[in-house]
Amino acid sequence: VAENVLTHQEYVNSFPHRNHENVTLETIEKKLSSDDKNKYLHLTPYVQLAPHTFDGHGSAERAYEMFRTLGLRTLLVLDNVSRPIGVITRHELMLLEEISMSE
């Protein structure tokens with residue numbers, strides 16, 4: 001399995017420009033070899049393996065409370081059978097707070 005993993009460095013090297021301006025998926029795809037396209041990108045170092053979750057029918061107030069008390073940056077939203085249906089970010093809740101203050 002390890003030989004079938006695209007390392008982060010290999011992925012970064014596939015970018016056409018170091019500043020990543022105007023980079024599209026098509027541009028990156030052209031730079032990857034057919035062998036690279038059959039590999040997996042190992043994301044474990046960059047993701048939380050046991051993220052905090054939130055019910056899709058939960059209230060915005062409860063989500064806000066979770067962000068404030070737990071110091072979260074993101075909150076994974078799940079449907080009624082625990083499938084991910086979205087992500088709430090701290091930034092989105094800050095926007096919601098600004099809107100409610102202006103009303």
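1. Start with the buried side of helix α4. In this predicted model, the buried residues of α4 are Ala 63, Met 66 and Phe 67. They span an arc of only 95° around the axis, so they sit on the same side of α4. The general rule helps here: an α-helix has 3.6 residues a turn, so residues three or four places apart point the same way.

2. What do those buried residues pack against? The partners are the strands β3 (53–55), β4 (74–78) and β5 (84–89), plus helix α5.

3. Now flip α4 over. On the face turned away from the buried side you'll find the exposed residues Glu 61, Arg 68 and Thr 69.

4. On to the helix pair. α4 covers residues 60–70 and α5 covers residues 90–102; the two pack at an angle of about 125°, and their axes are 11 Å apart. That angle is why α4 counts as oblique to α5. As for handedness, the crossing of α4 and α5 is left-handed.

5. Which residues make the contact between the two helices? From α4 it's Ala 60, Ala 63, Tyr 64 and Phe 67, and from α5 it's Arg 90, Leu 93, Leu 96 and Glu 97. Sorted by type, the contact of α4 with α5 has 6 nonpolar residues, 2 charged and no polar ones. Ala 63 and Phe 67 are worth a second look: both belong to this contact, and both are on the list of buried α4 residues.

6. One last spot to check is the end of the helix. Gly 71, just after α4, takes a positive phi of about 65°.

Methods: Residues numbered from 1 in each chain as written. Predicted model: local features only at pLDDT ≥ 70, side-chain atom pairs only at ≥ 80, totals over all residues. Heavy atoms only, no water. Axes fitted to C-alpha atoms, helices over the stretch in contact; angles between N-to-C directions. Helix = DSSP H or I, 4+ residues; strand = E, 2+ residues; numbered from the N terminus. Parallel < 35°, antiparallel > 145°, perpendicular 65-115°, else oblique. Left-handed = near helix turned anticlockwise from the far one by under 90°. Contact = heavy atoms within 4.5 Å. Nonpolar A, V, L, I, M, F, W, Y, C, P; charged D, E, K, R; others polar. Buried < 20%, exposed > 50% of the residue type's maximum accessible area, 1.4 Å probe, protein only. Arc of directions from axis to C-beta.
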